[in-house]
Every structure is written in C-alpha cells, then in structure tokens.
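Me: I'd like a close look at a single part of this model. Here it is, and my question comes right after.

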Amino acid sequence: MKEEKLTTEQRNDLVAYYFERAHESVEEAKYLRDGCYYNGAVTRLYYACFNAARGLLTAKGIDASTHNGVKTMISMEFIRKGLLGIEHGATLTDLFNQRQASDYEAYAFRDAGSVAYLLPKAEAFIKAVEELAHK
C-alpha cells in the first residue's frame, strides 16, 4: 500500500514497525559480530539505519521507495535543513557503501575493528532519527 494512502493509525503502526526492525537489526549485528561474521554484521547495521530512516520518512509523510531514494530524502529533508546532523548523513552513506562492498565485491572482508567503529555510529543515527520522528 502506498504510504500516502495510510490512515493515521496505519502510519503510526508502520513507523513503529520500522523502528522495531531497526533495533532488531542492531541486535542481529551484535550477534553476527560475536560470531566473527563481520560482513554480515555490517550489512545488518546498514539495514538497521535504513529501516530507521524509513521510519522517519514515513512519520513525516515522505515517500521513498529505493535505497538511493531514502538516502536522498534524508539528505534533502533533514540534513540540508539542519534537522539532522551531517555526521548522520555520512553514517548512512558509509554504511550503504560498506554494505554494497560486503555483499557484492570479491575479497571484501570486514573485521572486528570495522564493526566496532560502525556500531556506535549506527546506534547514534537510529537514536537521532527516532527522536526526530516523534517530534
């Protein structure tokens, strides 16, 4: 169903779902990190942030149906307007690029240090967009 056709209750439920998935994906990333599956952990961190970004966009009635569309709308509607710090845009872009490399490039290996660096950035991104979504 197109998001612009959602009732208020459906929109609120969808926003809650996106943030629930974001938090679950962070936990999945930690589980994968602990098992030394670092590429998978990076992928889950990206999807955690992607779902959080979708939650924010949905909360504000902004439709974006692709990964690039979500990144673009976050940048245009929140970062450029000063509602979300530029470091959060950098986090989303970095995680997108890391996920692409982890999933599609030959010999792309992430390590414990990569995950240790990205995890707090992802958690900060999720916290910031969730707070903004509820304003």
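Is Arg-99 buried or exposed, and what surrounds it?

Reply: A word on the model before the details. This is a predicted model, so to speak: local features need pLDDT of at least 70, side-chain atom pairs count only at pLDDT 80 or more, and totals for chains, interfaces and linings use all residues. Residues are numbered from 1 along each chain as its sequence is written, and side-chain values use heavy atoms, with hydrogens and water left out.

Now to your residue. Arg-99 is buried, at a relative accessible area of 5% (buried is under 20%, exposed over 50%, partly exposed in between, with a 1.4 Å probe and protein chains only). Arg-99 belongs to helix α4; helices here are DSSP runs of H or I with at least four residues, numbered from the N terminus. Its side chain makes a polar contact with the side chain of Gln-100 at 2.8 Å. That term covers a pair of N or O atoms within 3.5 Å; within protein, one must be able to donate a hydrogen and the other to accept it, and residues adjacent in sequence count only if both atoms are side-chain atoms. Setting aside neighbours within four places in sequence, Arg-99 is in contact (heavy atoms within 4.5 Å) with Val-42, Thr-43, Tyr-46, Tyr-47, His-67 and Tyr-104.

Val-42 also takes part in the packing of α2 on α5, where the residues of α2 that meet α5 include Val-42, Leu-45 and Leu-56. The axes of these two helices are 9 Å apart, at an angle of about 10 degrees; axes are lines fitted to C-alpha atoms over the stretch in contact, and angles run from 0 to 180 degrees between N-to-C directions. α2 and α5 are therefore roughly parallel, the word for angles under 35 degrees.

Leu-45 is also among the residues with the most contacts inside the largest nonpolar core, which has 38 residues. Such a core is a set of buried Ala, Val, Leu, Ile, Met, Phe, Trp, Tyr and Cys residues joined through side-chain atoms within 4.5 Å. α1, α2, α3, α4 and α5 each supply at least two residues of this core, and the largest share, twelve residues, comes from α2.

For contrast, look at Tyr-107, in the loop between α4 and α5. Tyr-107 is exposed, with a relative accessible area of 76%, and has a positive phi near 60 degrees although Tyr-107 is not a glycine.

Methods:
Angles under 35 degrees count as roughly parallel, over 145 as roughly antiparallel, 65 to 115 as roughly perpendicular and the rest as oblique.
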